[in-house]
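This briefing introduces one structure to a reader who has not seen it before. Please look over the sequence and the model before reading the points that follow.

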Amino acid sequence: MPVKPKWEQLADQIRSQIESGELSPGDQLPSTAQLKAQHSVSATVVRQAILVLQTQGWVQGVHGLGVFVAER
C-alpha cells in the first residue's frame, strides 16, 4: 500500500483531533509555523492540509485571525 503524502497525514491527524473532541468547534488551530515545527513539515504541506480540511468543512479560515474548527 502506498504511503500517504505528508499533507494527507497531517490533515488526517487534525481531523481525528476534531472527531475525538480534542479540538472543539471554535478552537483555533496552531499557526502554520507551529504546525511546521510540531510535525517537521514544510509550510506547503501545512497549507495543503488546511486547504483540504477547509474544502471538507472541518475548519474555516478567518482572514487576519487564523484557522478555526468549524461547527459541524
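In the hairpin of strand 1 and strand 2, which residue takes a positive phi? The residue is G64, with a phi near 85°. The model is a predicted one, and the points below cover the hairpin, the nonpolar core and a buried arginine in helix 1.

**The hairpin**
- Strand 1 covers residues 59-62 and strand 2 covers residues 66-69.
- The two strands pair in the antiparallel sense, with four bridges between them.
- Three residues lie between the strands of this hairpin.
- Opposite G61 stands V67, a residue of strand 2.

**The nonpolar core**
- The largest nonpolar core is made up of 17 residues.
- I14, I18, L29, I50 and V59 have the most contacts inside this core.
- At least two core residues come from each of helix 1, helix 3 (43-55) and strand 2.
- Helix 3 gives the most, supplying five residues.
- Apart from its neighbours within four places in sequence, I14 is in contact with L23, L29, I50 and L53.
- In soluble globular proteins, nonpolar side chains tend to be buried together.

**R15**
- R15 belongs to helix 1, which spans residues 6-20.
- R15 counts as buried because its relative accessible area is 15%, and the cut-off for buried is under 20%.
- With neighbours within four places in sequence left aside, the contacts of R15 are V52, L53, Q56 and W58.
- L53 is thus a contact of R15 and also a contact of I14.

Note on methods: Residues are numbered from 1 along each chain as its sequence is written. This is a predicted model: local features need pLDDT of at least 70, side-chain atom pairs count only at pLDDT 80 or more; totals for chains, interfaces and linings use all residues. Side-chain values use heavy atoms; hydrogens and water are left out. Two strands pair if DSSP finds at least two bridges between them. Buried means under 20% relative accessible area, exposed over 50%, partly exposed in between (1.4 Å probe, protein chains only). Contact means heavy atoms within 4.5 Å. A nonpolar core is a set of buried Ala, Val, Leu, Ile, Met, Phe, Trp, Tyr and Cys residues joined through side-chain atoms within 4.5 Å.
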